[in-house]
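Me: I should like to understand how the terms used for a structure follow from their definitions. May I put some questions to you?
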Amino acid sequence: MSRLSEARLREDICRLGSSMFSRGLTFGSSGNISVRLDDGWLMTPTNVSLGRLDPARLARLDDAGRLVSGDPPTKESFLHRAMYEERREALAVVHLHSTHSVAVSALADVDADDVLPPITAYYVMRIGRLPLIPYFAPGDMKLAEAVRAEARRHHAVLLANHGPVVAASDLGAASDAVEELEATARLHLLLHGHKTRPLTGAQRAELRHRFAA
Ligand SMILES: [Zn+2]
């Protein structure tokens, strides 16, 4: 990873954080973003708003996860590490407490193997099947183990009463996926009480075949 491309990635993380904050996808100091480098990670710092990130102060971790420079990383860095360790191709991870996704994560009687219905083709292509990870209190490392177990098969998971974690091959794909998840969660809540017509199994299969979703 050249210095230039790390500088570019730092700018990209800050631009994405600012964009998501300004659109209400994250608030307070919630949410975190990371990218994998050749020899470690860049991660958003703890206790900082994604709307006010400084490229020079992002946490720079080495390949063992130790802080090399910048501010200390998010306390939720273990969620990112669990995703990266199970998904070797993942180069970016985004975790949000986005309102509609959190609302869906707190619904009773959802299918924990696949929380949201396939309302649109874009959801099927960018998320596919979304497992619900059981609730654990902040700081409980059993959460990392639960994420790790599902991350082997899924690039996106929803933490119960908490929010989504999404891994992808680059920052743009990770943000597209987490935003598609949030939009679908909103649609799902809007459709509550209405007779709905999600995509059929055959329509999902065709998308998987055509787009390798
Ligand atoms: Zn969180």
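Reply: Let us begin with Leu61, which stands opposite Leu67 in β4. This is a predicted model, in which local features need pLDDT of at least 70 and side-chain atom pairs pLDDT 80 or more, while totals for chains, interfaces and linings use all residues. Residues are numbered from 1 along each chain as its sequence is written, and side-chain values use heavy atoms, without hydrogens and water.

Me: What makes β3 and β4 paired strands?
Reply: Strands are DSSP runs of E with at least two residues, numbered from the N terminus. Two strands pair if DSSP finds at least two bridges between them. Two bridges join β3 to β4 (residues 67-69), so the definition is met. The strands run antiparallel and form a hairpin with four residues between them.

Me: How do you know that β2 and β3 pair?
Reply: Four bridges link β2 (residues 40-43) with β3 in the antiparallel sense, and Leu42 has Arg60 as its bridge partner in β3.

Me: Why is His162 called buried?
Reply: Buried means under 20% relative accessible area, exposed over 50%, and partly exposed in between (1.4 Å probe, protein chains only). His162 has 18%, so it is buried. His97, at 22%, therefore counts as partly exposed.

Me: What makes His95 a donor of the zinc ion?
Reply: Donors are N, O and S atoms within 2.8 Å of the metal (3.2 Å for Na, K and Ca); water is not among the atoms, so sites may look incomplete. The protein donors, including NE2 of His95, lie 2.0 to 2.6 Å from the zinc ion, so they qualify.
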